[in-house]
Amino acid sequence: MKLATKYIHAGTEPDPSTGAIMTPIYQTSTYVQEAPGVNKGYEYARSQNPTRKALEDAYAQIENGKFGLAFGSGVAATDAVIKLLSPGDEVIAANDMYGGTYRLFTKIFSKYGIRFTYVDTTDVNNISKAISSKTKLIWIETPTNPLMNITDIAAVAVIAKQAKAWLCVDNTFASPYLQNPLDLGADLVMHSATKYLGGHSDVIQGCLMMNDADLREQLYFIQKSCGAVPGPMDCFLVLRGIKTLHIRMQRHCENGEKVAQFLRNHPKVERVYWCGFEDHHNHAIAKKQMRGFGGMMSFTMKDDSVENARRVLSSTKVFALAESLGGVESLINHPASMTHASIPREERIKNGLTDSLIRLSVGIEDVDDLIDDLNQAIG
Ligand SMILES: *Cc1c(COP(=O)(O)O)cnc(C)c1O
């Protein structure tokens, strides 16, 4: 099935009780049983909910996986993956990833005896070198937030298999429309569905997709035991969002390319980080594993002062100054003080995330308005 057809039909069957074409919001906490243990497969809504089930089936299909699981947020999905591990186990993670993932690893799970090693995963040799007999998981994000660095998923999958470690890819920035890590050999895909999957800045949710039935069982056990499940209304919103993923992503990509080119040609702009540029240092890998380059980018200006960055951040009228990304509306963000404030300054700067870096989530408004807005703000 082609992408457009799949996104519209994934997971949704006419409702068995009425024929409703859209899966209803099953707003219930429990299900009546005919006799103890005699039921329709639904017992208690932390464990099963029909709206959530439709969405989880959709999640599996859009990443070409066998199974999908929904969580109350992206970080709750990440949290579930780390709970597969035991004290003493080691994780190799990217040194340039979403700040909340870094915070979860360093501030929460390190306390429980899980060891994290951070490497530059854009060179996969760094991962090979960091592998030990205790490595159980490799965690990568590609493209990264906010520097748009690219890691070769297929190459890391080979290393993970040899090491008998799981590979989990945070695919939030690309969305399943642009990249499918399971097809490239990853064991797990994680998304913050809050972003492109929901797509309308109206829901917080996360998900995991996988092919292995045993891994699915372990993660389902964690999902119901720890309880970070999304409510049925939120599941409905994401189910609806997925139906237009292809149309939205097409426009995010078109607008993204035009905005990136505009910024690159602007005399006051120093550098634009966007993986669609042919001279982006990992463009060849991006081209190999992605179907397009999306609407996420970052840039710095020739006047590299924080004051200048703050001035631009406060001057846009169409781009809203806000955290998050992947919605229909364009957002502008200051990673150093907003999304990535939880990463120590030296760590940040070592990895290229300077105090003056500005991140854009290019939305699907008319691109002429977006360019005019940036032009007046940069001044
Ligand atoms: C937002 C985000 C997360 C966390 O997801 P939440 O839904 O906010 O919990 C994880 N990874 C990336 C790349 C993100 O952008």
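In the predicted model, the ligand is surrounded by 15 residues, of which Gly-74, Asp-170, Ser-192, Thr-194 and Lys-195 are the closest. By residue class, this shell divides into 5 nonpolar, 7 polar and 3 charged members.

Polar contacts to the ligand involve both backbone and side-chain atoms of the protein. On the backbone side, a polar atom of Gly-74 is placed 2.9 Å from a ligand oxygen, and a polar backbone atom of Val-75 is likewise 2.9 Å from an oxygen atom of the ligand. The side chain of Asp-170 contributes a polar atom at 2.7 Å from a ligand nitrogen. The ligand taken alone exposes 380 Å², and the protein buries 94% of that area. The space that the ligand takes is the largest pocket. Two or more residues of the surrounding shell are supplied by helix 3 (74-82) and by strand 6 (188-192).

Strand pairing was examined next. An open sheet is formed by 5 strands, arranged in the order 8-9-12-11-10 with mixed pairing. Strand 8 (269-273) and strand 10 (320-321) occupy its edges; each has a single partner strand, so one side of each is left without a neighbour in the sheet. In general, the strands of a sheet pair through backbone hydrogen bonds, in either a parallel or an antiparallel manner. Between strand 8 and strand 9 (residues 296-301), the sense is antiparallel, and the pairing extends over 4 bridges. Tyr-273 has Ser-298 as its bridge partner in strand 9.

Methods. Residues are numbered from 1 along each chain as its sequence is written. This is a predicted model: local features need pLDDT of at least 70, side-chain atom pairs count only at pLDDT 80 or more; totals for chains, interfaces and linings use all residues. Side-chain values use heavy atoms; hydrogens and water are left out. A residue is near a molecule or strand if one of its heavy atoms lies within 4 Å of it. A polar contact is a pair of N or O atoms within 3.5 Å; within protein, one must be able to donate a hydrogen and the other to accept it, and residues adjacent in sequence count only if both atoms are side-chain atoms. Accessible areas come from the Shrake-Rupley method with a 1.4 Å probe; for residues, only the protein chains shown count as cover. On a 1 Å grid over the protein atoms alone, a cavity is a set of points where a 1.4 Å probe fits but cannot get out, and a pocket is an open set with protein on both sides within 12 Å along at least five of seven lines; lining residues have an atom within 4 Å of a point. A molecule sits in a cavity or pocket if more than half of its atoms lie within 2 Å of its grid points. Ala, Val, Leu, Ile, Met, Phe, Trp, Tyr, Cys and Pro count as nonpolar, Asp, Glu, Lys and Arg as charged, and the others, Gly among them, as polar. Two strands pair if DSSP finds at least two bridges between them.
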